[in-house]
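Reader: I would like a close look at a single part of this model. Please take one helix first and then work outward to what surrounds it.

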Amino acid sequence: VPAEPSRRRRDGDDEGDQVLAPADVERLGRIPGEKAAYGSTREHGERMIIEGIVVVRIGVPLFWVNAATVRDQVIALVERTPGTRAVIVDLGGTSQLDTTSADAVAEMVSALRTHGVDIYFVRVMFAVRNLLRRSGTMDVIGEDHIWHSTADAVKRVRKAHGIHAPPLPAEPPTDKLPPKVHPYGYRRSSGEDEHGHLWRWPWEV
């Protein structure tokens with residue numbers, strides 16, 4: 001019988017065989033029309049983000065094989081996002097944690113805070129919290145930096161860091177790109193979306 005082609009392991013597969021892809025650490029944005037629902041901004045540029053706050057989700061269980069890679073990917077994402085003042089990490093995909101992973105989390109927290117970026121965690125399961133406490137990583141994070149939901153954490157971050165920027169789409173809609181010269185010779189730099197909200201680009205070309 002021919003060997004079955006190899007495939008990427010995802011949630012529910014044996015952890016030791018998982019392969020971490022860049023897409024497994026992705027930025028989240030609030031889904032338009034929803035008060036507390038967040039989803040990936042990958043291929044969903046209409047989802048709302050707030051300047052100064054980076055919300056990320058780790059899409060695979062965090063364990064010793066991928067912990068260092070996840071740490072590096074989160075830090076790299078922050079480095080690619082100038083002006084970041086706080087990061088919110090969704091750990092909902094991890095039901096258990098080992099000490100190696102806890103150490104990587106502590107290293108990530110320390111590295112970001114050393115550069116003036118605060119970090120919070122949401123959807124942290126009971127077993128994961130216990131391991132973070134036993135390993136001493138919770139002392140690095142801070143109990144007050146663990147929140148039940150992303151929406152609650154965003155509110156906390158905005159208040160704690162004085163972030164007042166309004167939510168904006170992660171990517172501008174294709175019909176609202178920076179002003180261009182239209183066939184009829186005018187430039188469009190403002191308008192109204194399908195919900196009746198006014199938009200305006202602050203630059204000209």
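Which residues are exposed on the other side of H3?

Author: The model is a predicted one. On the other side of H3, the exposed residues are Phe-126 and Arg-134. The buried residues of this helix, which spans residues 126-135, include Val-128, Leu-131 and Leu-132. Viewed down the axis of H3, the buried residues lie within an arc of 100°, so they line one face of the helix. An α-helix has 3.6 residues a turn, so residues three or four places apart point the same way. The buried residues of H3 pack against two helices, H2 (99-114) and H4 (137-141).

Both ends of H3 can be described through their neighbours in sequence. After H3 comes Gly-136, with a positive phi near 90°. Before H3, Arg-123 sits in the loop between S6 and H3. Phi of Arg-123 is also positive, near 55°, and this residue is not a glycine. Most residues other than glycine have a negative phi. With a relative accessible area of 43%, Arg-123 is partly exposed, as the range for that class runs from 20% to 50%.

The loop that holds Arg-123 leads back to S6, and from there to the sheet. S6 covers residues 118-122 and pairs with S5 in the parallel sense, over five bridges. Within this pairing, Val-89 has Phe-121 of S6 as its bridge partner. Helix H2, one of the two helices against which the buried residues of H3 pack, also belongs to a right-handed β-α-β unit made by S5, H2 and S6.

S5 has a second parallel neighbour in S4 (residues 53-58), to which five bridges join it. Here Arg-57 has Asp-90 of S5 as its bridge partner. S4, H1 and S5 make a right-handed β-α-β unit as well.

S5 itself is mostly covered, with five of its five residues buried. Ala-86, Ile-88 and Asp-90 point one way from the strand, while Val-87 and Val-89 point the other way, and all are buried. In a regular strand the side chains alternate between the two faces of the sheet.

The loop between helix H1 (67-79) and strand S5 (86-90) contains Thr-84. Thr-84 counts as buried because its relative accessibility is 10%, and the cut-off for buried is under 20%. Its side chain reaches the backbone oxygen of Thr-81 at 2.6 Å. Leaving aside residues up to four places away in sequence, Thr-84 touches Gly-52, Val-54, Val-78 and Val-117.

Another loop residue, Glu-43, lies between strand S2 (38-40) and strand S3 (48-49). Glu-43 has a positive phi, near 65°, and is a residue other than glycine. Its relative accessibility is 77%, so Glu-43 counts as exposed.

As for the setting of these parts, the protein chain has five helices and ten strands. Of its 205 residues, 40% are buried. Among contacts in the chain with a separation of 6 or more, 66% come from residues 24 or more positions apart. The accessible surface of the chain comes to about 12,100 Å², and carbon and sulfur atoms account for 53% of that area.

How values were computed
Residues numbered from 1 in each chain as written. Predicted model: local features only at pLDDT ≥ 70, side-chain atom pairs only at ≥ 80, totals over all residues. Heavy atoms only, no water. Helix = DSSP H or I, 4+ residues; strand = E, 2+ residues; numbered from the N terminus. Buried < 20%, exposed > 50% of the residue type's maximum accessible area, 1.4 Å probe, protein only. Polar contact = N/O pair within 3.5 Å; in protein donor to acceptor, adjacent residues only side chain to side chain. Contact = heavy atoms within 4.5 Å. Arc of directions from axis to C-beta. Pairing = 2+ DSSP bridges. Right-handed = clockwise from strand over helix to strand, strands pointing away. Areas by Shrake-Rupley, 256 points an atom, 1.4 Å probe, with all protein chains shown as cover.
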